[in-house]
Amino acid sequence: MFKKLAASSCLCGSLLLLGGCLIGPRYHIPFPFPHRQATPAGYKESPANFKTAKGWKVAQPDAAMLIGKWWTVYHDPELNRLEDSLEINNQNIKEYFENFMEARALIAEVNSQLYPTLTADASYTRSFTPEHNSGGSSSAQTAASSAAGGETGGSIVSAASKASPITAIMTSLNLSWEPDLWGRIRNQLRAAQYSAQVSAAELANERLTEEASLAVYYFEMRGQDALIKLYMDTIEADRKALDYTKSQYETGITDQIAVVEATNTLQNAQATATNLGVLRAQYEHAIAVLVGRVASGFGVGAMPLAGEPPAIPVGVPSQLMERRPDVAASERTMAAANADIGMAEAAYFPTVTISSQNGFQSDAFKDLFDVNNHFWSTGGSVSETIFDAGLRTATVHQYVATYNSDLAAYRQAILTAFQQVEDYLAQVRILSQQLILQRDAVKSAQQYLKLEMDRYRTGIDPYVDVVTAQTTLLTDQQTAVDAQVQEMTGSVQLIEALGGGWDRSQLPSAHDVSKWPRRSETQINQ
């Protein structure tokens, strides 16, 4: 007995020691830029590098970075209300959240493979087999007939009639375990944990995308409100000009062509104002979808766009890689691919399986658990692939290629992140300068129209010159509104490019994603 226990202890100890082996390449985050380029010290398009230019300014270098509800920097209560509703009701965010929950469940599935499987079996069988059958007599029956002096039939049937049914009752516990000697399951577990972190980063990126889309649609809609107000004011001014022109025509001061020109100007403004409602309605409907509302029963009151983009803290380029959830997702995808390589390499080593069965067997329930009816078996097996025509090697090469592909995708994500920040820094800075100049142009056009109206009233110039001045003013005003909208939406896209206040510390750890989810997170939603 003691020898068996000692042998079993030695076997278990050896398996535990072997279980410390972890096949596969050690993972480390690779250099982020191709050709080992250095991280820039600052952003090229930052307004800080254009100190003589007027317009939008970024926050001071020591300003606190955006965190949490980044949209509150715009100080717009309606936008705040819509964004809060989006956080609760957006269906795309819910979809990504459930994908994250699925990834966490896969971790538990893989983790279960590290432990033995214990099953319980119970069976009850009652059978009857006669001593002869209709097809003929057995040799034993023939011999018995000869010994009886040639008697047939009666004695055999009598023996068969005395046969009894057989009852077999069995219950057992069965244990099976495949020790993870070479780290195949542990590498698979790491890959599942990293994949769950990828899903968490994708959830954060989707949330940021939806938040930014809502803000962009909101400012675009407010821009349409501003254009509609602009055209309403223009229509009112054109109507007054038409009334004045008609009175001038009725008194014989001007000719009919002036009335026709004034009428045409008014009609064009009215037609364009009507068309502005199309985009305004579409932006409102898009916002309804983002906040999880049916567009048919959703509405946002009109309010022209006002204000300027806030000062946004951009930080330094070295922080960008830690603040972008899409970059974090790319890096974790690469880590999962590295673990897959180890899982594939473990296939080169033998597989050990340990099994054990312990139970009772009897022909009656009352005797089932007697010591004499106890049975057990314990054993193990080792299997090793001798020839697979290069399958394992090809599998390893496949996962190595996947890792290299993910590395390229990771570096591409970083390059794209820097491109987007530089793009939107330039957009907001340049548009702010354009807006200053455009507003000066609007003032000049207003003065031009005033002077031209005075010249028309005194009979110096024809009404067509007034129409030209009106068109110039309207075009300049519309360009100014468009530039203001682009500047505001560009600032939103800049915040999105900077990560929207997210940073890598918000990414759940491997331990966190391995925890059992709350009950409310695993229930079916109706």
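**Helices and strands, set against their definitions**

Modeller: Nine bridges join β2 to strand β3 (residues 351-362), and these two strands run antiparallel. The model we are discussing is predicted.

Biologist: What makes β2 and β3 count as a pair of strands?

Modeller: Two strands pair if at least two bridges are found between them, and β2 is joined to β3 by nine bridges, so the pair meets that definition. One of the partnerships is that of N174 with Q357, which lies in β3.

Biologist: How do you know that β1 pairs with β2?

Modeller: The reasoning uses the cut-off of at least two bridges: strand β1 (residues 117-127) and strand β2 (residues 166-177) are joined by 11 bridges and run antiparallel, and therefore they count as paired. Across from R126 stands T167, which belongs to β2.

Biologist: Why are helix α7 and helix α11 called roughly parallel?

Modeller: Helix α7 (residues 256-290) packs against helix α11 (residues 463-497) at an angle of about 15°, and their axes are 9 Å apart. Because angles under 35 degrees count as roughly parallel, α7 is described as roughly parallel to α11. The crossing in which α7 passes α11 is right-handed.

Biologist: Which residues of α7 and α11 meet, and of what kinds are the residues of this contact?

Modeller: From α7 come A258, E261, A262 and T265, and they meet Y463, V464, V467 and Q470 of α11. The residues of this contact divide into five nonpolar, two polar and one charged. The charged one is E261, because Glu is counted in the charged group.

Biologist: Why does the word for α10 and α11 become roughly antiparallel?

Modeller: The axes of helix α10 (residues 391-457) and α11 come within 7 Å and cross at roughly 160°. Angles over 145 degrees count as roughly antiparallel, and therefore α10 and α11 are given that description. Their crossing is left-handed, and the residues of the contact of α10 with α11 comprise 21 nonpolar, 17 polar and five charged.

Biologist: What share of the chain counts as buried, and what does the word require?

Modeller: A residue is called buried when its relative accessible area is under 20%, and 38% of the 526 residues of the chain count as buried. The chain as a whole has 12 helices and four strands.

Biologist: How much of the contact in the chain comes from residues 24 or more positions apart?

Modeller: Among contacts with a separation of 6 or more, 85% are accounted for by residues 24 or more positions apart.

Technical notes:
Residues are numbered from 1 along each chain as its sequence is written. This is a predicted model: local features need pLDDT of at least 70, side-chain atom pairs count only at pLDDT 80 or more; totals for chains, interfaces and linings use all residues. Side-chain values use heavy atoms; hydrogens and water are left out. Axes are lines fitted to C-alpha atoms, for helices over the stretch in contact, and angles run from 0 to 180 degrees between N-to-C directions. Angles under 35 degrees count as roughly parallel, over 145 as roughly antiparallel, 65 to 115 as roughly perpendicular and the rest as oblique. A crossing is left-handed if the near helix is turned anticlockwise from the far one by less than a right angle, and right-handed if clockwise. Contact means heavy atoms within 4.5 Å. Buried means under 20% relative accessible area, exposed over 50%, partly exposed in between (1.4 Å probe, protein chains only).
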